[in-house]
Amino acid sequence: MEKIKAMVDTGKVSQAMVLDGEGTLLHSHPQVMQVSSKECEAIRDGFDSPEGPLALGISVAGTKYMTLRVNENVIMARNGLSGMAAACDSNDLLFIALHDDKSDNESCLQALK
């Protein structure tokens, strides 16, 4: 999927992935991140019920992130200098982008859009 590679190629995202409505990994770049079905479900539920991720944080591939912002379209979180952004599209695809200490949450979010 070209969108995933293009996000990483911006330099604002270190890893990106897209999952279907069932939580099945469709594509990941540059490497496969292991996102559990429980993590995927918590992220999806967070779009409708933001109080969960705001209180408990979000986990992606076993790393816990402190949630910064949640709305019906985007979840943003951080862990130290690294962070993540997640978004669902109209086809029920879940896009997750991670950034390292060379980027920031807003830049990561812009690459995700």
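Trainee: Okay, so contact means heavy atoms within 4.5 Å. With that in hand, which residues is leucine 109 in contact with, leaving aside its neighbours within four places in sequence?

Mentor: Those are Arg69, Val74, Met76 and Ala85. Keep in mind that this is a predicted model.

Trainee: Where is leucine 109 found, and is it buried or exposed?

Mentor: Leucine 109 sits in helix α4. With a relative accessibility of 3%, leucine 109 counts as buried, since the cut-off for that is under 20%.

Trainee: Which other residues of α4 are buried?

Mentor: Along with Leu109, the buried residues of this helix, which covers residues 105–112, are Asn105, Cys108, Ala111 and Leu112. Looking down the axis of α4, you find them within an arc of 160°, so they line one face of the helix.

Trainee: What do the buried residues of α4 pack against?

Mentor: One helix and several strands: α1 (2–9), plus β4 (63–70), β5 (74–79), β6 (82–88) and β7 (94–99).

Trainee: And how far apart are leucine 109 and isoleucine 4?

Mentor: In sequence, 105 residues separate leucine 109 from isoleucine 4, while in space they are 13 Å apart, C-alpha to C-alpha.

Trainee: Switching to charges. How many salt bridges are there?

Mentor: The count comes to three salt bridges. One joins aspartate 9 to lysine 5, with the closest N and O atoms 2.8 Å apart. Aspartate 9 and lysine 5 are four residues apart in helix α1, which means about one helical turn between them. Lysine 5 is partly exposed at 34% relative accessibility.

Trainee: What does arginine 44 pair with?

Mentor: Arginine 44 forms a salt bridge with aspartate 92, and the closest N and O atoms are 3.1 Å apart. That pair links distant parts of the chain, because arginine 44 belongs to helix α2 and aspartate 92 to the loop between β6 and β7, 48 residues away.

Trainee: Is arginine 44 buried or exposed?

Mentor: Arginine 44 is buried, at 13% relative accessible area. Its partner aspartate 92 is partly exposed, at 41%.

Trainee: And which pair does lysine 102 belong to?

Mentor: Lysine 102 bridges to aspartate 101, where the closest N and O atoms are 3.7 Å apart. Lysine 102 is exposed, with a relative accessible area of 68%.

Trainee: What about glutamate 39, where is its place?

Mentor: Glutamate 39 is in helix α2, residues 37–48. Glutamate 39 is buried yet has no salt bridge, and the nearest side chain of opposite charge, lysine 38, is 9.2 Å away.

Trainee: Which backbone nitrogens lie by polar atoms of the glutamate 39 side chain?

Mentor: The backbone nitrogen of alanine 61 is 3.0 Å from one such atom, and for the backbone nitrogen of glycine 62 the distance is 2.9 Å. Setting aside residues up to four places away in sequence, glutamate 39 touches Gln34, Ser59, Val60, Ala61 and Gly62.

Trainee: Last topic, cysteines. How many disulfides does a search of the whole structure find?

Mentor: Zero disulfides turn up. For cysteine 40, the nearest cysteine sulfur is that of cysteine 88, 8.0 Å away, so the pair misses the cut-off of within 2.5 Å. Seen from the other side, cysteine 88 is in no disulfide either, with the sulfur of cysteine 40 as its nearest.

Trainee: Are these two buried or exposed?

Mentor: Cysteine 40 is buried, at 4% relative accessibility, whereas cysteine 88 is partly exposed, at 28%.

Technical notes. Residues are numbered from 1 along each chain as its sequence is written. This is a predicted model: local features need pLDDT of at least 70, side-chain atom pairs count only at pLDDT 80 or more; totals for chains, interfaces and linings use all residues. Side-chain values use heavy atoms; hydrogens and water are left out. Buried means under 20% relative accessible area, exposed over 50%, partly exposed in between (1.4 Å probe, protein chains only). Helices (H or I, at least four residues) and strands (E, at least two) are DSSP runs, numbered from the N terminus. Lys and Arg count as positive and Asp and Glu as negative; His and the chain ends are not counted. A salt bridge is a side-chain nitrogen of Lys or Arg within 4 Å of a carboxyl oxygen of Asp or Glu. A polar contact is a pair of N or O atoms within 3.5 Å; within protein, one must be able to donate a hydrogen and the other to accept it, and residues adjacent in sequence count only if both atoms are side-chain atoms. The arc is that of the directions from the helix axis to the C-beta atoms.
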